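Got the viewer open? Here's a walk through the model, one selection at a time.

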Amino acid sequence: PFCYFLRFDEIKEGDVVRHEGKRSDGYLEHIFKYAAKEIFGMDVKEITYKALKNKDFQEVTLEKDGETVLRFAAAYGFRNIQNMVLKMKKGKLLYHFVEVLACPGGCLNGKGQAQTEDGKPDKALLTQMEEVYAAIPVRLPETNLYVQKMYQDWLEGMDSKKVQETLHTKYSAVNQTSSNLDIKW
């Protein structure tokens with residue numbers, strides 16, 4: 001029923017856009033700014049990442065009236081992801097949103113990217129890719145006509161029952177069972 005949404009033949013080269021953020025990493029910056037505006041009525045222009053353990057494990061917070069109201073984290077690389085999961089399990093880290101990427105340094109630094117002949121990341125090429133990415137115009141997902149049409153035609157409006165059923169997740173407690181296959185982080 002929503003195949004029209006997946007028609008890429010109408011997209012031209014000049015139509016390529018990106019989400020907010022300085023690199024091709026996930027949507028942390030966009031989601032942070034959107035949540036600040038929608039939930040707290042705050043228009044955040046620039047976010048500041050605070051390195052926790054290293055540059056690939058960072059935190060972003062929003063304060064209102066001296067109280068931290070949003071706390072997001074970005075963990076890149078398996079070691080940082082593992083450390084974050086351990087601390088969250090122990091209740092030492094509490095976040096509203098966590099972005100995880102397997103590659104240290106983010107997606108542009110991943111193994112699928114160009115490397116030098118000795119198999120190491122090509123720093124000059126990485127810098128060049130970041131510059132090319134930063135030059136692509138930003139368009140917020142909620143302003144995309146295809147997204148708006150999907151909400152209107154397929155999801156029956158922004159606040160419909162179908163939106164709740166399709167896009168929202170409910171979590172409940174799960175009984176822990178011991179198994180040799182469990183990952184012990």
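Before colouring anything, settle one term: a residue is buried if its relative accessible area is under 20%, exposed if over 50%, and partly exposed in between, using a 1.4 Å probe and protein chains only. On that basis, 25% of the 185 residues of the protein chain count as buried. Keep in mind that this is a predicted model, where local features need pLDDT of at least 70 and side-chain atom pairs count only at pLDDT 80 or more, while totals for chains, interfaces and linings use all residues. Residues are numbered from 1 along each chain as its sequence is written, and side-chain values use heavy atoms, with hydrogens and water left out.

**Stop one: the whole chain**

Switch to cartoon. Helices (H or I, at least four residues) and strands (E, at least two) are DSSP runs, numbered from the N terminus. You should find five helices and four strands, and from the N terminus on they run α-β-β-β-α-β-α-α-α. Contact means heavy atoms within 4.5 Å. Of the contacts with a separation of 6 or more, 51% are between residues 24 or more positions apart.

**Stop two: the sheet**

Now select the strands. Two of them pair if DSSP finds at least two bridges between them. They make an open sheet of four strands in the order β1-β2-β3-β4, with mixed pairing. At the edges sit β1 (50-54) and β4 (97-101), each pairing on one side only. Going from one strand to the next, the twist averages 20°.

Zoom in on β2 (residues 57-64) and β3 (residues 67-76): they run antiparallel and are joined by eight bridges. The two form a hairpin with two residues between them, and Asp-65 in the turn has a positive phi of about 55°. Two pairs to click on here: Leu-62 has Leu-70 in β3 as its bridge partner, and Glu-59 stands opposite Ala-73 in β3. On to the β3 and β4 pairing, which is in the parallel sense over five bridges; there, Tyr-76 has Leu-101 in β4 as its bridge partner.

**Stop three: Ala-74**

Stay on β3, which is mostly covered, with seven of its 10 residues buried. Pick Ala-74, found in this strand, β3. Is Ala-74 buried or exposed? Its relative accessibility is 3%, so Ala-74 counts as buried. Leaving aside neighbours within four places in sequence, show what Ala-74 is in contact with: Leu-28, Asp-56, Phe-57, Gln-58 and Glu-99. Then draw a distance from Ala-74 to Glu-59: the two are 15 residues apart along the chain, and their C-alpha atoms are separated by 6.3 Å.

**Stop four: α1 and the cores**

Bring in helix α1 (residues 28-40), which lies across β2, β3 and β4 and runs at about 165° to β3. For such angles, axes are lines fitted to C-alpha atoms, for helices over the stretch in contact, and angles run from 0 to 180 degrees between N-to-C directions.

A nonpolar core is a set of buried Ala, Val, Leu, Ile, Met, Phe, Trp, Tyr and Cys residues joined through side-chain atoms within 4.5 Å. Which residues have the most contacts inside the largest nonpolar core? Show Phe-32, Leu-62 and Leu-70 as sticks; the core they belong to has 14 residues. α1, β2 and β3 each supply at least two residues of this core, and the largest share, five residues, comes from β3. Centre on Phe-32: leaving aside neighbours within four places in sequence, Phe-32 is in contact with Val-44, Ile-47, Val-60, Thr-61, Leu-62, Leu-70 and Phe-72. A second, separate core has seven residues, including Ala-75, Met-84, Leu-93 and Tyr-95.

**Last stop: α2**

Select helix α2 (residues 78-89), lying across β1, β2, β3 and β4 and running at about 150° to β4. Asn-80, Ile-81 and Met-84 are buried in α2. Look down the axis of α2: its buried residues fall within an arc of 100°, so they line one face of the helix. That arc is taken from the directions between the helix axis and the C-beta atoms. The cover over these buried residues includes β1, β2, β3 and β4. Spin round to the face turned away from the buried side of α2, and you'll meet the exposed residues Phe-78, Arg-79 and Lys-89. Finish at Gly-91, which follows α2 and has a positive phi, near 80°.
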